[in-house]
Amino acid sequence: MSTGVEVEHGRGDWQTYGDLSNYQQGKYQIKTFNKVSPVGLARFHADQYDVRTGEDEAANAHAILLRSHKLQEDDVPNTVRAIARCGAGTNNIPVPRMTELGIPVFNTPGANANAVKELVLCAMLLGSRKIVDGINHMKDLGSQGLARERVEKDKAMFGGQEIKGKTLAVIGLGHIGAMTARDAEGLGMNVKGYDPGLSVQSAMKLPRDMQLVDSITTAVSGADYISINIPYVKGEGGTHGIIGKDVVSHFSPNAVLMNFARGELVDSDAMKEFLDSGDGKYISDFPEDLLWDHKNTIILPHLGASTEEAEDAAASMAADTIRNYLENGTIKNSVNFPDTNLEDRPKETVRFTVVNKNVPGALAAITDAISSEGLNIVQQINHSRGDIAYNVCDIDTTKHDGVVEFKNVQEKITMVEGVISTRIIYGKAGTGYAKNIEGEYFI
Ligand SMILES: NC(=O)c1ccc[n+]([C@@H]2O[C@H](COP(=O)([O-])OP(=O)(O)OC[C@H]3O[C@@H](n4cnc5c(N)ncnc54)[C@H](O)[C@@H]3O)[C@@H](O)[C@H]2O)c1
């Protein structure tokens, strides 16, 4: 939305950075690392975005999109306002350092949930019929020229059960667990679940008839299938080895445990003892030294999220998140900044966003700087998370159509003690960003 106000940057004596010959006026420059799905990149419309992939030079990148690239501080020029990871984990990004630099880091929770859920359902079917053994057997027979002769005779060796009417316990009812519970009910299963931190969004996705219980042991007791879908958290109170001797002792003798969350959640010794003692099964997409070739396990490569759709969904979500931040200042799904969403910018306003250290007095100093120029705040939001605070305010531009007032106020705000960076969002891509780098004003 244009306001008629031009806030062009590049005032002669102000310091600037980046390679201006590398910059397309009026466009946000996006730098990608790794091969990011073209479906996701298509979200960046060419009229407003200049997407640089691979080795393309991107000295003025305004945002970075990546998958597993191990990001170094040198990869992040001063022009970068935001970083998004296509995926859930962000341990390839130096997040604490990015926080110090005032850069939000985003991820894409739940984008791969459908892919993982489908593999959990597949695992449940693999665990109910001797499908893998049957495939291997037919290959053996085929290599001896006996497949046609024995295809009927040998089927008795590979009988199984149906999952309809059986009980599934789901441990962790987040993105993956909630979808698994819902679809399992659709397949005619009885579903029970345990999640002490169940979110409202996930609760709304759960099947109506599912039973919520208040401990892992109650969930697994009497279950035919168990799906674990919780994060791995190291240390005291964490989830390392949470499926240990005590929990396993409540398993039914034929229970099938499906672990598509993390290998470390399951205590291998306890699981091996369980598998040795009966017909229970363990199915996972994580390696396991003790269990991988046990007759009652099926171990797959780490395939949970490996679908084209999951990659497209993660890249699309990452691109939308970046766009929403660059174009509107909105923060959603950040791992280091607070969720912040101010209503749409009204006509006849410009939007100021301010990233500052979460220290007393900063907000008052920012609003003072605005009012000292005679400007009126129409709407405002201020949120903090740990050491960082983020403000978004819309300022009335009626009676203020001169550039200078806005540039002056931006400089004033940016130089407030504790402020790291500011932006003026007024409808022109790629401009309006200023930083306070150790007491010096950079635009
Ligand atoms: N196999 C794969 O390729 C693959 C892909 C994606 C995710 N994952 C794994 O799956 C896990 C779940 O993913 P998600 O997207 O559903 O995550 P999520 O954050 O949406 O949900 C996790 C849920 O687990 C609950 N939880 C945490 N600790 C618990 C505990 N001790 N007992 C019961 N519930 C607990 C949380 O409250 C939350 O609701 C991830 O942490 C990740 O490790 C694996």
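A nonpolar core is a set of buried Ala, Val, Leu, Ile, Met, Phe, Trp, Tyr and Cys residues joined through C-beta atoms within 7 Å. A residue is buried if 20 or more other C-beta atoms lie within 10 Å of its own, exposed if 12 or fewer, and partly exposed in between, with C-beta atoms placed from the backbone. The model is predicted: local features need pLDDT of at least 70, side-chain atom pairs count only at pLDDT 80 or more, and totals for chains, interfaces and linings use all residues. Residue numbers start from 1 along each chain as its sequence is written.

**Exercise 1.** Identify the residues that touch the most other members of the largest nonpolar core, and state which helix gives the most to this core.

*Solution.* The core has 110 residues, and those touching the most other members are Ala-63, Leu-65, Ile-83, Ile-226, Met-258 and Ala-318. Helix 11 (residues 308–328) contributes the most, 10 residues; helices (H or I, at least four residues) and strands (E, at least two) are DSSP runs numbered from the N terminus. At least three core residues come from each of domain 1 (11–109 + 309–442) and domain 2 (113–127 + 162–299), the bounds being taken from an automatic or database domain assignment. Next, take Ala-63: beyond its neighbours within four places in sequence, its contacts include Ile-30, Ile-83, Ile-322 and Leu-326, a contact being two C-beta atoms, placed from the backbone, within 7 Å.

**Exercise 2.** Describe the chain as a whole: what are its secondary structure, its extent and its buried share?

*Solution.* The chain comprises 13 helices and 18 strands. Its C-alpha trace spans about 85 × 50 × 35 Å along the principal axes. Of its 443 residues, 42% are buried. The centres of domain 1 and domain 2, taken over C-alpha atoms, lie 40 Å apart.

**Exercise 3.** Characterise the shell around the ligand by closest residues, class and element.

*Solution.* The shell holds 33 residues, the closest being Gly-172, Gly-174, Gly-197, Pro-231 and Gly-304; a residue counts if its C-beta atom, placed from the backbone, lies within 6 Å. Helix 3 (113–128) and helix 6 (175–186) each give two or more residues, and helix 6 supplies the largest share, 3 residues.

By class, there are 17 nonpolar, 13 polar and 3 charged residues. Here Ala, Val, Leu, Ile, Met, Phe, Trp, Tyr, Cys and Pro count as nonpolar, Asp, Glu, Lys and Arg as charged, and the others, Gly among them, as polar.
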